[in-house]
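Dear colleague,

Please find below the structure for your files, followed by an account of what was found in it.

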Amino acid sequence: MAESLPLLTKALGETVYMVVVSMAIATALGVPLGVLLHVTGAGQILESPSLNRIVGSVVNAIRSIPFIILMVAIIPLTRFLVGTAIGTTAAMVPLVIASVPFIGRQVETSLKEVPYGLIEAALSMGATPMQIITKVLLPESMPSIVAQLTTVIIALVGESAMAGAIGGGGLGDLAIRYGYQRFRPDIMLATVIILIVLVQLVQFAGNTLAKSLNKK
């Protein structure tokens, strides 16, 4: 087992790299998407039924595609964007595409929890839509958003392991190439344990941060 430590360390590093970078990009795109879905909804500050319906349909369409199928389907796009269809960097393309609509819906759900009375109070004081978004909606819903993003990170950990099925690197790739194909149950068990610990750490950190942000 000792000879496997370098392999496990390298695979863990690749998984963390995939998850952190994918999550950063997906959050930068997904949070504004969630805000757009919310504020263009019925009775909201930028109500636009047509835009909301179109964006919502695209989000639902992407979310309905199983991740393993999405990875294979966008191989040409992945190769175009990063120059290759295998490896950790290539795996981040489907990870981001799968996560953006997921984050969008999660953020939309969190924003819906903000009492509309707060929005009405801001409107009565002459606040612009952008001020309401940045000063009311996002701050008030931040604990919930953090909790939702924690769920997304955990999903990304699982999907990054799945990416190993097509040479995406990381713990999933190690489990398949060494644990399964080379009949090494010790490596398979080690990767499972590492993934469990990683998920537990993410959940603990997310819960702690969400609790610290909750001023209620």
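Leaving aside neighbours within four places in sequence, Gln-131 is in contact with two residues, Gly-126 and Val-136. The model is a predicted one, and what follows should be read in that light. Gln-131 belongs to helix 7, which covers residues 129-162. With a relative accessible area of 39%, Gln-131 falls between the limits of 20% and 50% and is therefore classed as partly exposed. Its distance to Arg-53 has also been computed: Gln-131 and Arg-53 are 78 residues apart in sequence, and their C-alpha atoms lie 24 Å apart in space.

Three further residues were examined in the same manner.

Ser-99 is located in helix 5, whose span is residues 88-112. Is Ser-99 buried or exposed? Its relative accessibility is 3%, which is under the 20% limit, so Ser-99 counts as buried. Beyond its neighbours within four places in sequence, Ser-99 is in contact with Ala-26, Val-152, Leu-156 and Glu-159.

Asp-173 lies in helix 8, made up of residues 170-180. Asp-173 has a relative accessible area of 11%; because this is under 20%, the residue is buried. With neighbours within four places in sequence set aside, the contacts of Asp-173 are Ala-161, Gly-164 and Gly-167.

Ser-50 is part of helix 2, which runs over residues 49-63. The relative accessibility of Ser-50 is 46%, so this residue counts as partly exposed. Ser-50 and Thr-40 are 10 residues apart along the chain, and 8.9 Å separates their C-alpha atoms.

Turning to the interior, the count comes to 1 cavity of 30 Å³ or more. The space within the largest cavity is about 70 Å³. Which residues line the largest cavity? The lining consists of Met-71, Ile-75, Thr-78, Ala-85, Ile-86, Gly-87, Ala-90, Ala-91, Pro-94, Ala-163, Ile-166 and Gly-168. At least two of the lining residues come from helix 4 (75-82), and at least two from helix 5 (88-112). Helix 5, which also holds Ser-99, supplies the largest share of this lining, with 3 residues.

As to the chain as a whole, its secondary structure comprises 9 helices and 0 strands. Read from the N terminus, the order of elements is accordingly α-α-α-α-α-α-α-α-α. Along the principal axes, the C-alpha atoms fill a box of roughly 65 × 40 × 25 Å. The chain has 216 residues, of which 43% are buried; Ser-99 and Asp-173 are among the buried residues. Of the contacts with a separation of 6 or more, 72% are between residues 24 or more positions apart.

Two surface and charge figures complete the account. The accessible surface of the chain is about 11,200 Å², and carbon and sulfur atoms contribute 70% of that surface. The chain carries 13 positive and 10 negative charges, and the mean positions of the two sets are 2 Å apart.

With kind regards

How values were computed
Residues are numbered from 1 along each chain as its sequence is written. This is a predicted model: local features need pLDDT of at least 70, side-chain atom pairs count only at pLDDT 80 or more; totals for chains, interfaces and linings use all residues. Side-chain values use heavy atoms; hydrogens and water are left out. Helices (H or I, at least four residues) and strands (E, at least two) are DSSP runs, numbered from the N terminus. Buried means under 20% relative accessible area, exposed over 50%, partly exposed in between (1.4 Å probe, protein chains only). Contact means heavy atoms within 4.5 Å. Accessible areas come from the Shrake-Rupley method with a 1.4 Å probe; for residues, only the protein chains shown count as cover. Lys and Arg count as positive and Asp and Glu as negative; His and the chain ends are not counted. The place of a charge is taken as NZ of Lys, CZ of Arg, CG of Asp or CD of Glu. On a 1 Å grid over the protein atoms alone, a cavity is a set of points where a 1.4 Å probe fits but cannot get out, and a pocket is an open set with protein on both sides within 12 Å along at least five of seven lines; lining residues have an atom within 4 Å of a point. Grid points are joined across faces, edges and corners, and a volume is the space filled by probe spheres set on the points.
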